[in-house]
Structures are given as C-alpha cells and as structure tokens.
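Good morning, and thank you for making time for this presentation. Please bring the sequence and the structure up on your screens, and we shall go through them together.

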Amino acid sequence: MTDSPAPGDARAVQLAERLDAVRQRINRAAGAAGRGNNPPSLIVISKFHPAEDVRRLAALGVRDFGENRDQEASAKAQELEALDLTWHFVGQLQSKKSKTVVRYATAVHSVDRSQLVTALERAMAGEQELTGRADLDCFIQVSLEDDAGAHRGGAAPAAVPQLAEQLEAADGLRLAGVMAVAPLGADPDRAFEKLLGVSTGLQRDFPGASGISAGMSQDLEAAVRFGATHLRIGSDILGSRPTVR
Ligand SMILES: *Cc1c(COP(=O)(O)O)cnc(C)c1O
C-alpha cells in the first residue's frame with residue numbers, strides 16, 4: 001500500500017517517518033481503548049505547507065487532507081485535482097466563502113451557526129445542479145470552553161440540537177456529527193469527555209450523526225479514548241508552522 005519515496009527526496013523520507021510514527025500512536029491508542037478493529041481515520045492538516053508535501057503524503061497512501069483557509073485550500077485542491085483527494089475544511093468559515101468551499105470540500109468540520117448552514121445549503125444547491133456532486137458532510141463545531149469569552153470557535157453545546165435539526169432538514173447537507181478543539185491549557189480528557197457527551201445526546205435524536213472529529217498532534221490519545229472517529233493531525237507529521245494564524 002505504501003510506496004517508497006523517490007531516492008534523494010529527503011523531505012519525503014522525513015514525512016514517511018513522521019507519518020509512520022503518528023500511525024503507530026493511533027494504533028496504540030486505539031488498541032488501548034479497545035478499538036483495535038475500529039480505529040479513527042486520519043486527516044492530515046496541510047495548512048501552511050506546500051502542495052508538494054501533500055503530493056508526497058498522497059504517495060504514502062494518505063487520501064484525506066484538511067485546510068483552514070479557503071484561498072489556500074482552493075489553490076491546493078485545484079493543483080492536485082488529478083490525485084482525487086478528499087478535502088476537509090476545518091477552519092472558521094465566513095458564509096460568503098461557502099460557494100467556493102463546496103467546489104472542493106467533501107466535508108466541513110466547522111459548522112457553528114445557523115447562517116452558515118443556510119449559506120452552505122444555498123451553495124450546495126448550485127454546485128449539485130452544476131456537477132451532481134455528493135452531499136456535503138457537515139460536522140457541528142462545539143465550543144468546549146467553560147468560559148464563553150475565551151473562544152476557539154464553535155457553538156455552545158446548548159445550541160447543537162437546533163443546528164442539527166436545521167442541517168438534517170437541509171438539502172445537499174449531511175449531518176455527520178460533532179467537532180471540537182480542546183481548549184488551550186485545559187485537560188484534554190475532560191474536554192473530549194464533554195464532547196462525547198454532546199455526541200451521545202445528538203445521536204439519540206440523529207443516529208446517523210456518529211462522527212466525532214477531535215484530536216490534534218498534542219492530544220490525539222485523549223481523543224481516541226473518548227471516541228474520536230476523525231483525527232486532525234498537522235504539525236507532528238508536517239512540522240511546525242508559523243504560530244500566528
Ligand atoms: C491546525 C489545525 C489542526 C492540526 O493541529 P496540529 O496541532 O498541527 O496537529 C487540527 N484542527 C484544526 C481545526 C486546525 O486548525
């Protein structure tokens with residue numbers, strides 16, 4: 001399944017090693033959580049890193065990539081169109097960008113308000129008429145902050161049921177589940193336990209909404225313990241990036 005990197009491509013060798021290390025961590029965590037036969041899927045977050053790195057990772061068998069800015073994502077998706085990759089949009093999304101995001105994204109992990117659902121539904125109507133593309137997978141991003149002031153994005157847990165109903169009723173959108181980023185400095189176990197609680201509540205009303213997008217480089221083990229189905233890993237595979245933005 002995994003190709004060897006081209007000889008002399010030191011970056012490809014480095015990526016292969018880091019990818020392997022992350023995959024081992026995921027397998028270990030899944031095994032420890034009794035999920036050895038049901039491990040989460042890996043989405044490599046390629047923001048700030050060039051399309052060439054995505055190409056190298058694709059050659060190593062990675063199919064799912066995530067980005068958090070429309071302009072960068074759109075350019076990479078276009079450049080790498082022939083590879084037929086799956087693109088996940090994971091960043092704060094302005095409603096007016098919906099039209100371009102639905103051109104390349106299979107999933108949006110950051111649906112956090114009613115207005116955005118409306119905009120995505122409208123954008124998908126146009127896109128599906130044009131291309132017949134599949135429905136857009138939508139994860140509701142949940143804020144896990146105790147203090148609503150210190151925000152890393154996301155809807156309050158109490159707002160999830162209403163957003164879920166709106167998504168469920170929307171043409172062209174599929175309610176995929178929930179997503180969260182663990183609050184800075186907080187215990188990730190506590191954060192992801194809370195997210196699992198929100199997910200469990202959601203699945204009572206919408207059994208198909210079983211996705212839990214959680215876990216980044218620093219906290220993937222905690223996320224796996226609390227049921228993550230999709231891990232979003234950037235820096236532990238691709239290396240550091242500028243800390244601003
Ligand atoms: C950047 C980013 C990630 C990846 O984070 P790493 O710490 O680099 O693994 C995951 N999720 C979101 C929403 C991101 O913006």
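With which side chain does the side chain of Thr 100 make a polar contact? The partner is the side chain of Asp 70, and the distance is 2.8 Å. Before I continue, I should state that what you see is a predicted model.

Let me stay with Thr 100 for a moment. This residue belongs to helix 4, which covers residues 98–104. Its side chain also reaches the backbone oxygen of Lys 97, at 3.1 Å. Thr 100 has a relative accessible area of 23%, and because buried means under 20% and exposed means over 50%, Thr 100 is classed as partly exposed. As a further point of orientation, Thr 100 and Ala 58 are 42 residues apart in sequence, and their C-alpha atoms are 23 Å apart in space.

I turn now to the strands, beginning at strand 1, residues 41–45. Strand 1 runs parallel to strand 2, residues 64–67, and 2 bridges join them. Within this pairing, Val 44 stands opposite Phe 65 of strand 2. The connection is made by helix 2: together, strand 1, helix 2 and strand 2 form a right-handed β-α-β unit.

Strand 2 is in turn joined to strand 3 by 4 bridges, and these two strands also run parallel. Here the bridge partner of Glu 67 is Phe 89, in strand 3. A right-handed β-α-β unit is again present, made of strand 2, helix 3 and strand 3.

Further along the chain we come to strand 4, residues 105–111, which pairs with strand 5 in the parallel sense over 3 bridges. In that pairing, Ala 107 is placed opposite Asp 137 of strand 5. Helix 5, residues 114–131, combines with strand 4 and strand 5 in a right-handed β-α-β unit.

On its pairing with strand 6, residues 173–179, strand 5 has 6 bridges, and the two run parallel. One bridge places Gln 141 with Met 179 of strand 6.

Why is strand 5 described as largely enclosed by the rest of the structure? The reason lies in its accessibility: 5 of the 6 residues in strand 5, which spans residues 136–141, are buried, and therefore the strand is largely enclosed.

Met 179 brings us to the ligand, since this residue is one of those that surround it. Also in the surrounding shell are Ile 45, Lys 47, Val 90, Met 216, Ser 217, Arg 232, Ile 233, Gly 234, Ser 235 and Arg 241. By residue class, the shell divides into 5 nonpolar, 3 polar and 3 charged residues.

For those of you who may wish to set up docking, the polar pairs will be of interest. A polar side-chain atom of Lys 47 is 2.6 Å from an oxygen atom of the ligand. In the side chain of Arg 232, an N or O atom lies 2.9 Å from a nitrogen atom of the ligand. Gly 234 takes part through its backbone, where a polar atom is 2.8 Å from an oxygen atom of the ligand. How much of the ligand's exposed area does the protein bury? Taken alone, the ligand exposes 390 Å², and the protein buries 90% of that area.

I would like to close with the loops, and with two backbone angles in particular. Most residues other than glycine have a negative phi. Phe 48, although not a glycine, has a positive phi of about 70 degrees. This residue sits in the loop between strand 1 and helix 2, and its relative accessibility of 26% makes it partly exposed.

The second case is Asp 84, also a residue other than glycine, with a positive phi near 55 degrees. Asp 84 is found in the loop between helix 3, residues 70–79, and strand 3, residues 86–89. Is Asp 84 buried or exposed? Its relative accessibility is 64%, so Asp 84 counts as exposed.

Finally, Leu 184 is located in the loop between strand 6 and helix 7, the latter being residues 188–205. Leu 184 has a relative accessibility of 70% and therefore counts as exposed. Between the C-alpha atoms of Leu 184 and Ser 240, which are 56 residues apart along the chain, the separation is 17 Å.

Thank you for your attention.

Terms used
Residues are numbered from 1 along each chain as its sequence is written. This is a predicted model: local features need pLDDT of at least 70, side-chain atom pairs count only at pLDDT 80 or more; totals for chains, interfaces and linings use all residues. Side-chain values use heavy atoms; hydrogens and water are left out. A residue is near a molecule or strand if one of its heavy atoms lies within 4 Å of it. A polar contact is a pair of N or O atoms within 3.5 Å; within protein, one must be able to donate a hydrogen and the other to accept it, and residues adjacent in sequence count only if both atoms are side-chain atoms. Accessible areas come from the Shrake-Rupley method with a 1.4 Å probe; for residues, only the protein chains shown count as cover. Ala, Val, Leu, Ile, Met, Phe, Trp, Tyr, Cys and Pro count as nonpolar, Asp, Glu, Lys and Arg as charged, and the others, Gly among them, as polar. Buried means under 20% relative accessible area, exposed over 50%, partly exposed in between (1.4 Å probe, protein chains only). Two strands pair if DSSP finds at least two bridges between them. A crossover is right-handed if, with the strands pointing away from the viewer, the path from the first strand over the helix to the second runs clockwise.
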